[in-house]
Amino acid sequence: MTTEKQVLDRIERVRRRRAVVREERITLAHGSGGKATRTLIDAVFLEAFRNPLLAPLEDGAMLALDGSRAVFTTDAFVVSPLFFPGGDIGDLAVNGTVNDLAVCGARPLYLSAGFILEEGFPVGDLRRIVASMAAAAEAAGVTIVTGDTKVVQRGKADGCYITTAGVGVVERPATPSISAARPGDAVIVSGPIGEHGVAIMLARGELGIEADTVSDTAPLNGLVAELLDALPTQVRTLRDATRGGVATVLNEVAGASGVSVVMDEESVPVQPAVTGMCELLGIDPLYVACEGRLVAVVDGDHAEQAVDIMRGHPVGAGAAIIGWVGEDPPGLVLLRTAFGGTRIVDLLVGDPLPRIC
Amino acid sequence: MCLGIPGELVGDVEEHTDLAMVDVSGVRRRINMGLLADDQLKPGDWVLVHVGFALSKISEAEAKAVMDMLHGLGQAYTDEIDALKESDIS
Amino acid sequence: MRFVDEFRDADAARALAARIAARCEPGRRYKFMEVCGGHTHTIYKHGIEDYLPEAVTLVHGPGCPVCVIPMGRVDDAVHIARQPDVIMTSFGDMMRVPGGAATFLDAKAQGADIRMVYSPLDALKIARDNPDRRVVFMAIGFETTAPSTAVTVLRAAEEGIDNFSVFCNHVLIIPAVKAILDSPDLRLDGFIGPGHVSTIIGCRPYEFIARDYRQPFVVAGFEPLDILHAVDLLLGQLAEGRGEVENQYARVVPWEGNRVAMEAIGTVMRVRPHFEWRGLGFISHSALEMAEEYAAFDAERIFDIPGTRIADPMACQCGEVLKGVLKPWECKVFGTACTPETPIGTCMVSSEGACAAYYNFGRFSRERVREATRA
């Protein structure tokens with residue numbers, strides 16, 4: 001007779017098996033940031049490009065250049081609609097890459113920008129997007145120093161896509177890493193979660209739902225610098241929670257560090273309108289995208305200090321400790337529910353889809 | 001099997017479409033009230049929303065009855081635990 | 001009052017848990033089925049089993065309308081969606097449900113125009129806005145959802161929208177519960193009844209369960225305290241030797257149901273002679289089809305549908321899980337060959353299926369976690 005424990009162990013072994021892409025064609029799930037994305041990266045990209053700089057799958061690659069260290073990263077931006085409450089694709093393109101550099105412990109310096117434009121796209125809209133990029137770059141203290149433009153036939157793209165790449169210098173001896181979380185560490189989030197994802201769903205207008213939520217897109221490099229200056233070795237892991245939300249980030253931390261993460265549902269900050277939207281659509285705010293929220297794993301004894309530092313910064317005013325790192329069961333994220341029960345918070349297969357049941 | 005969410009009616013029911021604005025924690029959507037033709041609906045009433053339709057008018061009195069019972073139970077239990085703790089100390 | 005948070009109070013939960021434990025007779029074991037997948041979801045999402053004594057087991061029933069759609073029907077729907085002038089509209093729930101060949105997401109990737117909607121009225125709006133396309137609504141759900149489809153069809157008829165039709169997969173709860181009750185290998189002590197179906201059909205249709213099967217049946221709400229309260233009421237009935245229909249969810253469920261909604265269903269739809277349920281097989285009079293008078297809105301009449309039949313995979317033990325004979329993790333393929341990424345059986349398909357809920361939310365050893373989360 002097999003016991004529940006044996007079955008659970010068998011499942012975890014299966015989960016660690018090498019990834020295989022079963023689909024013959026790319027589906028939207030492959031771009032969701034969840035399990036399907038992870039499988040695609042492991043089975044297609046990592047398989048082909050395998051090298052020690054890529055393998056850790058941090059938000060950027062750590063490069064040793066002539067005695068100094070730099071972080072190099074890239075990100076592609078597709079969003080519909082291009083303009084939404086709280087920002088536009090231009091803000092995202094700059095802040096996204098700035099944040100990827102910052103959470104690797106680098107000071108962001110230079111960005112590139114590549115544009116894929118659809119024939120017929122209004123020049124006025126392009127100007128507006130580029131002006132947002134210039135303003136976001138100035139706010140984050142980075143310079144856009146190179147770029148490229150391609151135009152594709154009408155119907156071959158959705159208006160405007162942007163890719164940005166960025167480099168930053170690493171000036172501190174210790175750098176945070178996805179695999180550095182240890183039991184006893186605290187998990188901190190810099191503010192309420194899920195606002196970007198909800199703002200985008202609202203702006204699409206397809207659901208007929210109205211609310212005042214605006215995107216949380218923001219550069220995190222200033223906040224990260226203050227945190228690392230004050231707690232250079234106590235900050236273990238930094239990530240910006242983007243698609244897939246906070247739940248996805250914490251699953252990556254638990255997996256890479258070989259630890260458990262136990263979240264406390266009641267301490268996760270969520271704005272009422274985000275809660276309302278998620279209830280109506282039957283989705284979980286833990287999986288909804290943010291574009292300017294830092295997830296930090298910090299030595300437990302310095303957690304309060306880290307929260308105070310974040311709260312002193314405009315983009316971290318809503319910071320809160322949302323959970324703790326434990327030893328067992330390794331690789332799993334658990335949630336103590338407000339009701340007093342416990343459940344797993346796993347990676348989703350694809351995007352959180354609205355459900356009726 | 002079916003996701004049903006309580007929401008508050010914040011507008012009047014439009015005659016031709018049966019639609020009315022419903023608020024769920026600050027999120028608003030126009031919901032079809034046609035299935036509640038038997039109920040006298042007015043702003044401030046709560047309804048159960050499922051796939052864009054209101055299925056039922058929520059009774060505050062019934063909710064309160066169950067809640068009072070449950071919370072009374074909770075209070076009695078907490079008092080008892082507290083009493084137990086005190087008696088342990090003494 | 002918001003009718004949500006008030007029913008998530010942990011103090012009241014502890015008190016109820018204590019009363020539930022006290023009501024269990026020493027040495028006796030209790031098996032209750034929550035019929036509705038929404039309850040299964042709530043149970044796992046809030047970790048309700050942490051509050052239940054070992055003597056009480058919850059069995060997860062067949063009330064997930066997504067899970068019970070047979071694979072052949074999904075293939076038929078994909079076939080309709082692939083017609084060049086068709087826009088298929090569907091709730092998000094159906095997008096990842098596998099047929100024999102493809103899911104809606106796969107078909108979409110291969111070029112079919114499949115759009116997610118929140119409400120059937122949104123599907124009608126798409127039809128109104130695209131007069132040169134044929135818009136089909138993939139209708140799924142129990143009696144909870146059927147009235148919304150019916151009202152939408154009535155509206156389409158009233159407005160004379162002739163490019164809108166419904167692929168009707170609405171199913172009925174009572175025949176499914178009866179099939180469970182009549183299965184020989186099942187021993188249950190009572191039911192947690194489906195709250196939202198009951199807003200429509202009321203509580204009367206369950207009376208045969210109390211009368212003919214002497215089983216307690218408590219219609220319950222979907223907040224975690226509702227479910228604990230329902231377990232408490234079931235144990236209370238058993239302790240007093242009663243087997244009755246009780247309404248824990250009176251704040252939402254009127255005893256007589258919703259007359260207007262039942263009439264809308266009755267006008268637009270008819271009961272099918274039989275319908276195949278994934279995992280349970282054919283059940284008589286267990287589903288709805290479009291009525292003759294609304295043939296113009298019936299995708300099954302408008303399109304040439306292959307009527308695909310696909311047997312449930314051999315390895316799959318969903319039938320046993322649905323009847324509570326097996327726990328999800330006791331199935332041979334659970335979590336290894338059958339996962340939410342690559343579901344084989346019905347229970348792994350939707351987030352409210354018993355296996356998916358257990359896999360996504362409950363796949364851990366309670367003892368180990370108790371150690372790990374000890375404050």
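This passage walks through two sheets of chain A and the strands that build them. The structure is a predicted model, and every feature described below is read from it.

The seven-stranded sheet makes a good starting point. Its strands follow the order β10-β12-β8-β13-β11-β14-β15 in chain A, and together they form an open sheet with mixed pairing. At the edges sit β10 (235–240) and β15 (342–344) of chain A, each of which pairs on one side only. Direction ignored, neighbouring strands of this sheet are turned by 25° against each other on average.

Within this sheet, strand β8 (residues 186–189) of chain A is worth following residue by residue. In a regular strand, side chains alternate between the two faces of the sheet. In β8(A), A186(A) and I188(A) point one way, while V187(A) and V189(A) point the other way. What is the burial state of these residues, buried or exposed? All four of them, on either side of the strand, are buried.

Strand β8(A) has a partner on each side in the strand order. One is strand β12 (residues 294–298) of chain A, joined to β8(A) by four bridges in an antiparallel arrangement. The other is strand β13 (residues 320–326) of chain A, which also runs antiparallel to β8(A) and is linked to it by four bridges. I188(A) helps to show both pairings: this residue stands opposite A296(A) in β12(A), and its bridge partner in β13(A) is I321(A).

Further along the sheet, the pairing takes a parallel form. Strand β11 (residues 260–264) of chain A runs parallel to strand β14 (residues 333–336) of chain A, and four bridges join them. Here V261(A) has V333(A) in β14(A) as its bridge partner.

The second sheet has five strands. It is open and mixed as well, with the order β1-β2-β7-β5-β6 in chain A. Its edge strands are β1 (61–65) and β6 (143–152) of chain A, each pairing on one side only. On average, and with direction ignored, neighbouring strands are turned by 20° against each other in this sheet.

Inside the five-stranded sheet, strand β2 (residues 68–77) and strand β7 (residues 160–170) of chain A pair in the antiparallel sense over nine bridges. One of the residues to look for in this pairing is D75(A), whose bridge partner in β7(A) is T164(A). A helix joins the picture too: helix α4 (residues 123–140) of chain A lies across β5 (107–118), β6 and β7 of chain A. Relative to β5(A), this helix runs at about 170°.

Note on methods:
Residues numbered from 1 in each chain as written. Chains lettered and ligands numbered in written order. Predicted model: local features only at pLDDT ≥ 70, side-chain atom pairs only at ≥ 80, totals over all residues. Buried ≥ 20, exposed ≤ 12 C-beta atoms within 10 Å, placed from the backbone. Pairing = 2+ DSSP bridges. Axes fitted to C-alpha atoms, helices over the stretch in contact; angles between N-to-C directions. Contact = placed C-beta atoms within 7 Å.
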